[in-house]
Amino acid sequence: MTKEESVKLMTDKMAKFVAYTGKKLPDDVIAKLAELGEKETSPLAKTLYQTMFRNQTLAVELNRPSCQDTGVLQFWVKCGTNFPLINELEALLKEAVVQATFAAPLRHNSVETFDEYNTKRNVGKGTPTVWWDIVPNDDHCEIYTYMAGSHIHI
């Protein structure tokens, strides 16, 4: 596989991953919500938890984000210096966000502050934000994503 093909494959996989994270909460979060919901005695609180779980079920069933404000994307990257696509990662993550924005769809949250316009692609100056943890003499890469719900002006 050529480097270009590898970049495209990883970009497409990351776009699917980003879109999925907008639709499905992690298992540990669901488990904690279930635990907290079980402890509730108030009818209103019980209804709110039931609504949250129904929302999660419908998000997966309907293939839609579970929240209308999916937020600005942030990535934590733990990457070895020998990972073959280390130099392409930031650009491919940005492209993955653009793809996921239209495929999911994700809310357009990247606003160029000084130019005063929404990019409508969830990317812009400083977005998505990528935090790096570089591991010397290693060829692995771990990528964690977070959707920071609400508008972040860059």
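Author: A crossing of two helices is called right-handed if the near helix is turned clockwise from the far one by less than a right angle, and left-handed if the turn is anticlockwise. By this convention, the crossing of α1 and α4 in this predicted model is right-handed.

Reader: At what angle do the axes of α1 and α4 cross, and within what distance do they come?

Author: The two axes cross at roughly 50° and come within 8 Å.

Reader: What makes α1 oblique to α4?

Author: Roughly parallel requires an angle under 35 degrees, and roughly perpendicular begins at 65. The angle of roughly 50° falls in neither range, and therefore α1 is oblique to α4.

Reader: Which residues of α1 and α4 meet?

Author: From α1 the contact takes Val7, Met10, Thr11, Asp12, Met14, Ala15, Val18 and Ala19, and from α4 it takes Leu89, Leu92, Leu93, Glu95, Ala96, Gln99 and Ala100. Eleven residues of this contact are nonpolar, two are polar and two are charged.

Reader: Why are α2 and α3 called roughly antiparallel?

Author: Helix α2, residues 27-39, packs against helix α3, residues 43-62, at an angle of about 155°, and their axes are 9 Å apart. Angles over 145 degrees count as roughly antiparallel, so α2 and α3 are roughly antiparallel to each other. The crossing in which α2 passes α3 is left-handed.

Reader: Which residues make the contact of α2 with α3, and how do they divide by character?

Author: Ile30, Leu33, Ala34, Leu36, Gly37 and Glu38 of α2 meet Lys46, Tyr49, Met52, Phe53 and Gln56 of α3. Seven of the residues in this contact are nonpolar, two are polar and two are charged. Gly37, one of the α2 residues, counts as polar because glycine is placed in that class.

Reader: What makes a group of residues a nonpolar core, and which members of the largest one touch the most others?

Author: The members must be buried nonpolar residues joined through side-chain atoms within 4.5 Å. The largest such core has 24 residues, and Met10, Met14, Phe75, Val77, Leu89, Leu93 and Ile143 touch the most other members. In soluble globular proteins, nonpolar side chains tend to be buried together.

Reader: Which elements each supply at least two residues of this core?

Author: They are α1 (3-21), β1 (72-80), α4 (89-103) and β5 (141-148). The largest share, seven residues, comes from α4.

Reader: Which residues does leucine 93 touch beyond four places away in sequence?

Author: Leucine 93 touches Met14, Phe75, Val77, Pro128, Val130 and Ile143.

Reader: Where does proline 128 lie, and what is the form of the peptide bond that leads to it from threonine 127?

Author: Proline 128 is in the loop between β3 (117-118) and β4 (129-135). The bond from threonine 127 to proline 128 is cis, with omega near 0°. A cis peptide bond also joins alanine 104 and proline 105, where omega is about -10°. Proline 105 belongs to the loop between α4 and β2 (110-112).

Reader: Why does asparagine 137 count as exposed, while asparagine 63 counts as partly exposed?

Author: Exposed means over 50% relative accessible area, and buried means under 20%. Asparagine 137 has 69% relative accessibility and therefore counts as exposed. Asparagine 63 has 48%, between the two limits, so it counts as partly exposed.

Reader: What are the phi values of asparagine 63 and asparagine 137?

Author: Phi is positive at asparagine 63, about 60°, although this residue is not a glycine. Asparagine 137, likewise not a glycine, has a positive phi of about 55°. Asparagine 63 is placed in the loop between α3 and β1, and asparagine 137 in the loop between β4 and β5.

Reader: How do you know that asparagine 55 is partly exposed?

Author: Asparagine 55, which lies in helix α3, has 33% relative accessibility; this is over the 20% limit for buried and under the 50% limit for exposed, so asparagine 55 is partly exposed.

Reader: How many helices and strands does the protein chain have, and in what order do they run?

Author: The chain has four helices and six strands. From the N terminus on, the order is α-α-α-β-α-β-β-β-β-β. Buried residues make up 34% of its 154 residues.

Definitions and conventions: Residues numbered from 1 in each chain as written. Predicted model: local features only at pLDDT ≥ 70, side-chain atom pairs only at ≥ 80, totals over all residues. Heavy atoms only, no water. Axes fitted to C-alpha atoms, helices over the stretch in contact; angles between N-to-C directions. Parallel < 35°, antiparallel > 145°, perpendicular 65-115°, else oblique. Contact = heavy atoms within 4.5 Å. Buried < 20%, exposed > 50% of the residue type's maximum accessible area, 1.4 Å probe, protein only.
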